[in-house]
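Work through the following exercises with the sequence and the model side by side, and try each task before reading its solution.

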Amino acid sequence: MIEKQSEKYVSDSTTKQVHIIMNEHINGSHRLFGGKLMEWIDIVAGVVARRHANCNVTTISMDKIHFKAPAYVNDLVVLVGKVTYVGTSSMEIRVDTFVESLDGVKRPINHAYVVMVALDEHEKPTKVPRLILQTEQEKAEWEAGIKRNQLRKQRSLEFY
């Protein structure tokens with residue numbers, strides 16, 4: 001059994017994934033298919049959550065998906081995921097997606113928040129490590145995460 005830490009830094013689980021857009025990733029409008037990007041976002045969020053929780057996880061929700069710009073065949077797409085907020089067994093993961101040009105310049109094309117829950121060996125929710133916040137940006141994300149968590153709970157109560 002893996003021993004769990006009681007606290008972790010955001011940087012302990014930050015994850016980057018890179019793809020070259022191929023023809024099979026393209027929709028009828030010759031842009032990256034949104035569903036493919038959502039799959040990649042879910043995978044990155046899952047890796048981040050597993051690294052933070054040191055156990056299996058499951059996706060609970062994906063929200064605040066904001067498509068800012070398209071990606072096309074042969075574009076280099078970079079996804080960066082990090083923990084922004086943790087509850088008792090849940091973790092909010094922000095995944096930012098960029099298109100990277102040949103000179104290394106990245107332009108944002110999407111960001112999303114994914115809520116994952118840590119699971120024990122019986123697939124029941126289990127506690128996750130607290131999050132150590134070091135930067136002002138991490139603290140701001142945490143505060144915004146509190147608000148997003150409250151909104152999710154309210155929407156759930158209202159079946160919205």
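**Exercise 1: the sheet**

Task: establish which strand order the open sheet has and which strands stand at its edges.

Solution. In this predicted model, five strands form an open sheet in the order β2-β4-β5-β6-β3, with antiparallel pairing, where strands are DSSP runs of E of at least two residues, helices are runs of H or I of at least four, both numbered from the N terminus, and two strands pair if DSSP finds at least two bridges between them. Next, β2 (15-20) and β3 (57-67) each have a single partner strand, so one side of each is left without a neighbour in the sheet. Residues are numbered from 1 along each chain as its sequence is written. Local features need pLDDT of at least 70 and side-chain atom pairs pLDDT 80 or more, while totals for chains, interfaces and linings use all residues, and side-chain values use heavy atoms, without hydrogens and water.

**Exercise 2: one edge pairing**

Task: determine how many bridges join β3 to β6.

Solution. Eight bridges join β3 to β6 (residues 106-118), and the two run antiparallel; within this pairing, M62 stands opposite V114 in β6.

**Exercise 3: a lysine in β4**

Task: decide whether K82 is buried or exposed.

Solution. K82, found in strand β4, is buried, that is, under 20% relative accessible area with a 1.4 Å probe, protein chains only. K82 nevertheless has no salt bridge, a term requiring a side-chain nitrogen of Lys or Arg within 4 Å of a carboxyl oxygen of Asp or Glu; D96, the nearest side chain of opposite charge, is 5.2 Å away.

Notes:
Buried < 20%, exposed > 50% of the residue type's maximum accessible area, 1.4 Å probe, protein only. Lys, Arg positive; Asp, Glu negative; His and termini not counted.
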